[in-house]
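User: Please look closely at how one part of this model is put together, and then connect that part to what lies around it. I would like one continuous account, with the cut-offs stated.

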Amino acid sequence: MINRRNFLQGSGAFASLSAIGLSGCTRQVTAPLPPLVTSTPAFPFYDAVGPIIPIRADLDRIFRITVCTRPFRAAGPRQDVERVGDKYVVHNYGHGGSGWSLSWGSADVVVRRAVATLAEGSGQRDVAVIGAGALGLTAALTAQRAGMKVTIYARERAPYVRSVRATGSWTPDSRVGLRSAVTPDFAANWEAMARTSFAMYMTYIGSAGYPVEWTDRYALSDEPIPDHPPEVRDYVRYMDRIADLTPGPHDLPPGTYPFPTRYARRTTSLTFNVADYARQLMVDFLLAGGTIETRDFHSPQELTALPQPVIINCTGYAARQLWSDESITPVRGQIAWLIPQEGVTYGLNYNGLNVLARRDGIVMMLNKRGEDAGWNDSSEVPDHAVAAEAVGILQEFYGRMAKMPPAKRS
Ligand SMILES: Cc1cc2nc3c(=O)[nH]c(=O)nc-3n(C[C@H](O)[C@H](O)[C@H](O)COP(=O)(O)OP(=O)(O)OC[C@H]3O[C@@H](n4cnc5c(N)ncnc54)[C@H](O)[C@@H]3O)c2cc1C
C-alpha cells in the first residue's frame, strides 16, 4: 500500500508549498492519515461493486416484446463460394447466437474471398451484398474499406431485420456450432474471427450515442454458480481461447455486494446498444458512397439478374428458405423490453432470467430451459405470459433486496 505521507514528502509537494509561503501547513500534512484500504486483500476496495439502482420492473413498463430465430448451423457459419449462373456467391450466414459478436471477423473472411474471386475475373470492383442485418452491414463496410464499390440489396433494413432483436451482448461462442459437426480447423477460424471483431468493437468505445460499451453483469444464485450452463448438446465452447480479451469472472465474497443471494459472480463485458449501433453502421456505409435497394429474392437464380459479378449472401435465418438450406435450425428467443433507466447499465442472471440494461431498452430474456430453450422452434409469435413471468422474477428479486439491511444494499 502506498503511504500517502511518504509520497507527499518525497514528491516535492512540500517544497512547492514552502516556496509559496505555506510552510506552516506542513504540520497538518504530516499528521497520521487514516488507512486508505479498508477491505480484505482478496477483494480490493478499488474494485468494489458500485451502487445498484433497482430496475423498475412493472408490466406496464414493457414497451415491446420481440421474438427472433437464431440461424444455427451445427457445422458453424457458411462461408464458402458457390457458382450461380455466371455469378460467384460468397456465403455469410448461419452465425447462431453469435452474429453480432462475430460479424466483423466473418466479414473479414468473406470479403477476402470476394476480393480473391474478383481478382480472377475482369478486374471489376463492384460487389453486391444481400442483406442488411449484422452480417450484411459489416460485410458491406469491410468491402468498402477494401476498395470495393458496394450495393446492398435487402428485403428489410433496421429496425425490421432480425438482428435488432438480439440481446446485444459479446457472446462469440453462443450456439455457433456442435463439436461433433465442425471441421478440425473451425476453432482456429473462430478465434481469428472473434479477435478481429473484438478489435473493431474497441474502436467504437466512447463514440457518441454509446453504440458499444463495457458493462458489469452479475450471476446471482442461492446455489453455487457453475462455470458453464448444463450441457444440453455438444455446443462448441471456445471462450478460453480468448480469455485475455475481457476481464475474468470474479466470485464476490459474501458481504461485498448489495444483492440478496448467497452467491454472486461478476463479469465485465461488451454491450451493443443496437438501435444506435445499427444506425451508425448504415450511416457510415452511405457516407462512404454505398447504395441500398429494397429487393426480395425468391430463388438463387434471381441473383443472376444483378449487375455485380460477386455477391456476398448475408440472408441470416431466411437463407433456410432462399437457399433451401435445411442445415439451419431455428433457435427461438424472446425478449421483453423495459423502459431504459438513467444510471442502470448492468446485467443480471437470476433464476433463469437474463437481464441486460441497455441504453435503448432493458432487455429481459427468460430461459427456464437454459440453452435448450427455443431449439428447433421457428415461431416468432410473442408469448405474453413469459414476459409477465420475467417481470415477476425481477419483482421477487428486488423485493428480497429491499428486505436487506440498508447498509448492505448500497
Ligand atoms: C433472442 C436472440 C438474442 C441474440 N443475442 C445475441 C447477442 O447478444 N449477441 C450476438 O452476437 N448475437 C446474438 N444473437 C444472434 C444474432 O442476432 C444473429 O446471429 C444475427 O442477427 C444474424 O444476423 P444476419 O445479418 O445474418 O441476419 P438478419 O438480421 O436476419 O438479416 C438478414 C438480412 O437479409 C435480408 N434477406 C433475407 N432474405 C432475403 C431475400 N430473400 N431477399 C432479400 N433480402 C433478404 C433481410 O431482409 C435482412 O436484411 C441473438 C439472436 C436472438 C434470436
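Analyst: A good place to start is His250, whose bridge partner in strand S8 is Arg266. The model is a predicted one, in which local features need pLDDT of at least 70 and side-chain atom pairs count only at pLDDT 80 or more, while totals for chains, interfaces and linings use all residues. Residues are numbered from 1 along each chain as its sequence is written, and side-chain values use heavy atoms, with hydrogens and water left out.

The pair just named belongs to strands S7 and S8 (residues 263-272), which are joined by two bridges in the antiparallel sense; two strands count as paired if DSSP finds at least two bridges between them, and the numbering from the N terminus covers DSSP runs of H or I of at least four residues as helices and of E of at least two as strands. These two strands sit at one end of an open, mixed sheet of eight, ordered S1-S11-S14-S13-S12-S6-S8-S7. Its edges are S1 and S7 (250-251), each of which pairs on one side only. Helix H9 (residues 384-402) packs on this sheet, touching S1, S6, S11, S12, S13 and S14, where contact means heavy atoms within 4.5 Å. The direction of H9 makes about 105 degrees with that of S14; axes are lines fitted to C-alpha atoms, for helices over the stretch in contact, and angles run from 0 to 180 degrees between N-to-C directions.

Another open sheet, also of mixed pairing, has six strands in the order S2-S3-S10-S4-S5-S9. Because S2 (81-84) and S9 (291-294) stand at its edges with a single partner strand each, one side of each is left without a neighbour in the sheet. The twist from one strand to the next averages 25 degrees. At one edge, S2 is antiparallel to S3 (residues 87-91) and joined to it by four bridges, with Glu82 standing opposite Val89. The two strands form a hairpin with two residues between them, and Gly85 in the turn has a positive phi of about 60 degrees. At the other edge, S5 (residues 149-154) and S9 run parallel and are joined by four bridges, and Thr151 has Thr291 as its bridge partner in S9. Helix H5 (residues 134-145) packs on this sheet against S4, S5 and S10, its direction making about 165 degrees with that of S5. Helix H7 (residues 274-287) touches S5 and S9, at about 115 degrees to the direction of S9.

Helix H5 also leads to the ligand, since H5, strand S1 (62-73) and helix H4 (99-120) each supply at least two residues of the shell around the ligand. That shell holds 36 residues, of which Gly96, Ser101, Ala132, Glu156 and Ser163 are the closest; a residue is near if one of its heavy atoms lies within 4 Å. Polar contacts (pairs of N or O atoms within 3.5 Å) include a backbone N or O atom of Gly97 at 3.1 Å from a ligand nitrogen. A polar backbone atom of Thr167 lies 3.0 Å from a ligand nitrogen, and a backbone N or O atom of Gly168 lies 3.0 Å from a ligand oxygen. Taken alone, the ligand exposes 1,000 Å², and the protein buries 97% of that, by the Shrake-Rupley method with a 1.4 Å probe.

Key:
A polar contact is a pair of N or O atoms within 3.5 Å; within protein, one must be able to donate a hydrogen and the other to accept it, and residues adjacent in sequence count only if both atoms are side-chain atoms.
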